[in-house]
Amino acid sequence: MSTSTTTSVGRCPIDHAAQRPPITMRATDLPAPKAPGIVQTYLFTKYQTDYTEKLRDQLGHRFKLQLRPGPDLYVISDPGDIREMFQMSPDILHTGNGNDVSRKFFGRTGLAFLDGNEHITRRKELLPSFRGTAYKRITAAIAELAERDIPRWPTDQVMPLRPVIHRFTVEVIREVVFGKVTPSRWPELFEEIMGVVALNDHMTAAFPLEQMSPFANWLMRAIPKTGLRAFLKHRRRADELLFEAFNERRAIGEFGDDMLSAMFAIEVDGHKLSDVELRDEIMTLFLAGTETTVSSVAWALEYLSRFPAELDRVRAEIDAGTSDAYLQAVCYEILRLRPPLPMLMPREVMKPIQLGGVFYEPGDTIFASSHLLSTDKRNFDDPKAFRPERYFDTKLDLSTWAPFGGNITRCPGDKIAIDEMKSVLRVVLSTFDLHRPDMTPERVHHRGILIRSDRGARMALRRRKEVPARV
């Protein structure tokens, strides 16, 4: 979807009043679960997808959650509401404050924390790092990395595949960020980034540390199993190595279509971005650009290992080497069934609006659910079924299929993510057979704002006896 523009200051180009039904209620009057706020918070944190599905079935496509601490959240999953939300002027809805849980990973000066015109400007400045010649370079590098690295993955042992997938995705983001000029200390930086990301294996990942008291932070550091002490050590060292990499690139003076080169050229109020601002933007990509793709690839292998007909069909297409239509459909279906961000970033209302006849006031927080969209019988036939063929001869409706968000908040690396999924699956399935002793479907495991498979796609890779030559 294209970026919205405004025809005049403070005025949205879409005449929402002419398209929407009259206001029937205020957001504060939306139905809500009867459980106390602390119980809602626990159920949402621990069982978000199942819990919100249950609430949607009971309360409808608009309901209120009382999560503590914090203000009430208004959850929406009506396609019309979400379509209009994506189309609204950037001065009406802000997403920056919704990223506070992630602030410990990548500060708060990057694109994820910018709103309004600042967000639009930064996004335009960074988009060339994901499009055009950069896109061609990155996809070529992904294919080369996949052919080189994936055949070396461990074989003949039942293990979670998620860790090896994750290491591969970090190398892909290195290509996006640094391009052809890899930092001289990249191997060390790589391990420190992996150390930072490891916090997502702990419940601490869901805590907004910067908003907690000094005592609470000290207590969490003192408890080894929170992972916080190791996280802070890795984060500090990763920062040092990134700052060295910035200075090294400046000294070399070699710039191209990579993200770091683009950021070196950005000026805000006549000043270049500081090293901290560079670091925040780059760590955003190393975190958000890897965890989401890792989750999707792991889920794809988890599903394919349980659905032999679909596995045979996609493998036959890969072996033939003449099309990737079914492979792409598999990726679309996985992103629908298991969107890595089941709830899109919360949006704070800055000016009075209405969505679907509900009036929202400034200060209200709207939470759109990509998961509820994708599991709604109104939007998809048999929504819980794994049916990649549903995408044949069908144009994606981005108001019902929204794993990457929408409009100005849509992930700029969406095409790269899908290409990466296809490259990994293409090489894995043409090189290995999937051996899975336990065919019990893996459950959704919540970590902060992300979901992952609870056993990390646990199976064994067994080398195929006859591997067709890939064209």
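Colleague: How much accessible surface does the protein chain have, and what percentage belongs to carbon and sulfur atoms?

Modeller: Areas come from the Shrake-Rupley method with a 1.4 Å probe, and for residues only the protein chains shown count as cover. On that footing the surface is about 20,700 Å², and the carbon and sulfur part of it is 54%.

Colleague: What pLDDT do local features need here?

Modeller: Residues are numbered from 1 along each chain as its sequence is written, and side-chain values use heavy atoms, with hydrogens and water left out. This is a predicted model, so totals for chains, interfaces and linings use all residues, side-chain atom pairs count only at pLDDT 80 or more, and local features need a pLDDT of at least 70.

Colleague: What radius of gyration does the protein chain have, set against a compact globule?

Modeller: The radius is taken over C-alpha atoms, and the globule rule is 2.2 Å times the number of residues to the power 0.38. For 471 residues a compact globule would come out near 23 Å, and the chain agrees with that at 22 Å.

Colleague: What percentage of the residues is buried?

Modeller: Buried means under 20% relative accessible area, exposed means over 50%, and partly exposed is in between (1.4 Å probe, protein chains only). Of the 471 residues, the buried share is 56%.

Colleague: Where does Asp 269 lie, and what is its phi?

Modeller: Helices (H or I, at least four residues) and strands (E, at least two) are DSSP runs, numbered from the N terminus. Asp 269 falls in the loop between strand 6 (267-268) and strand 7 (271-272), and counts as exposed because its relative accessibility is 73%. Most residues other than glycine have a negative phi. Asp 269 isn't a glycine, yet its phi is positive, at about 55°.

Colleague: Which aspartate has a phi near 55° in the loop between helix 15 (370-374) and helix 16 (414-431)?

Modeller: The residue in that loop is exposed, since its relative accessibility is 85%. With its positive phi, it is Asp 393.

Colleague: How many aromatic pairs are there?

Modeller: Rings of Phe, Tyr and Trp (its six-membered ring) pair if their centres lie within 6.5 Å; planes under 30 degrees apart count as stacked, over 60 as edge-to-face and the rest as tilted. By that rule the count is 17.

Colleague: Why does the pair of Tyr 303 and Phe 386 count as tilted, and how many residues apart are the parts it ties together?

Modeller: The ring centres are 5.2 Å apart and the planes meet at 45°, so the pair is tilted. Tyr 303 is buried at 6%, and Phe 386 is buried at 4%. Because Tyr 303 belongs to helix 12 (residues 275-304) and Phe 386 to the loop between helix 15 and helix 16, the sequence separation is 83 residues.

Colleague: Which residue forms an aromatic pair with Tyr 332?

Modeller: The pair is edge-to-face, with 5.3 Å centre to centre and 70° between the planes. Tyr 332 is in helix 14 (residues 325-337), and its partner sits 69 residues away in the loop between helix 15 and helix 16. Both residues are buried, and the partner is Trp 401.

Colleague: Which residue has its charged end over the ring of Trp 299?

Modeller: A charge sits over a ring if NZ of Lys or CZ of Arg is within 6 Å of the ring centre and within 35 degrees of the ring normal. Arg 306 lies over the face of Tyr 303, 4.9 Å from the ring centre. Over Trp 299, at 4.8 Å from its centre, it's Arg 338.
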